[in-house]
Amino acid sequence: DEPLLDAVTAISGSGPAYVFYFIEAMVAAGVRMGLTPAQAHQLAVGTFVGSAELARSASDSPAVLRERVCSPGGATIAGVAVLEDAGVRGAVARAVGAAARRAAELASK
């Protein structure tokens, strides 16, 4: 639907940059922890590919899939807690909103 085109652009058009940004950050963190850039890149990209494929094929929501890999008191939930404390979810929403607003501005020119 045309009224949703800016939202589609903000997610599908701009979304790859967000994914690459996150991969870039994961690679940099891995290198800081001693992995080679190639190792960190392979792990980060493989993680995104596998996670995206699971999200595509699973009947469960991304929230349920996330909860399944977050063992109580485990390493993953500790990392997710940092992301939540840092406001990453809100930052993503603001980024998508900014992209949608800019898409609307560009479309009106």
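In this predicted model, Thr-47 belongs to helix α3. Its relative accessible area is 40%, so Thr-47 is partly exposed. Partly exposed residues fall between the buried cut-off of under 20% and the exposed cut-off of over 50%. Met-33 lies 14 residues away from Thr-47 along the chain. The C-alpha atoms of these two residues are separated by 17 Å.

Two further residues were examined in the same way. Ala-7 sits in helix α1. With 37% relative accessibility, Ala-7 is classed as partly exposed. Ala-7 and Arg-101 stand 94 residues apart in sequence. In space, their C-alpha atoms are 8.7 Å apart. Leu-106 is part of helix α6. Its relative accessible area is 46%, and Leu-106 therefore counts as partly exposed. In sequence, Leu-106 and Asp-6 are separated by 100 residues. Their C-alpha atoms are 9.9 Å apart in space.

Helix packing was then considered. Helix α1 spans residues 5-13, and helix α2 spans residues 15-32. The two helices pack at an angle of about 30 degrees. Their axes are 4 Å apart. Angles under 35 degrees count as roughly parallel, and α1 and α2 are therefore roughly parallel to each other. On the α1 side, the contact is made by Ala-10, Ile-11, Ser-12 and Gly-13. On the α2 side, Gly-15, Pro-16 and Tyr-18 take part. By class, this contact of α1 with α2 has 4 nonpolar and 3 polar residues. No charged residues contribute to the contact.

Helix α2 also contributes to the largest pocket. This pocket holds about 1900 Å³ of space. Its lining is formed by 43 residues. Closest to the pocket centre are Phe-22, Phe-48, Arg-66, Leu-83 and Val-88. Five helices give two or more residues each to the lining: α2, α3 (37-57), α4 (62-69), α5 (75-85) and α6 (88-107). The largest share comes from α2, with 12 residues. By class, the lining of the largest pocket has 33 nonpolar residues. The lining also has 6 polar and 4 charged residues.

Some elements recur across these results. Helix α3, which holds Thr-47, is among the contributors to the pocket lining. Helix α6, which holds Leu-106, is another contributor. Helix α2 packs with α1 and supplies the largest share of the lining of the largest pocket.

Terms used. Residues are numbered from 1 along each chain as its sequence is written. This is a predicted model: local features need pLDDT of at least 70, side-chain atom pairs count only at pLDDT 80 or more; totals for chains, interfaces and linings use all residues. Side-chain values use heavy atoms; hydrogens and water are left out. Axes are lines fitted to C-alpha atoms, for helices over the stretch in contact, and angles run from 0 to 180 degrees between N-to-C directions. Angles under 35 degrees count as roughly parallel, over 145 as roughly antiparallel, 65 to 115 as roughly perpendicular and the rest as oblique. Contact means heavy atoms within 4.5 Å. Ala, Val, Leu, Ile, Met, Phe, Trp, Tyr, Cys and Pro count as nonpolar, Asp, Glu, Lys and Arg as charged, and the others, Gly among them, as polar. On a 1 Å grid over the protein atoms alone, a cavity is a set of points where a 1.4 Å probe fits but cannot get out, and a pocket is an open set with protein on both sides within 12 Å along at least five of seven lines; lining residues have an atom within 4 Å of a point. Grid points are joined across faces, edges and corners, and a volume is the space filled by probe spheres set on the points. Buried means under 20% relative accessible area, exposed over 50%, partly exposed in between (1.4 Å probe, protein chains only).
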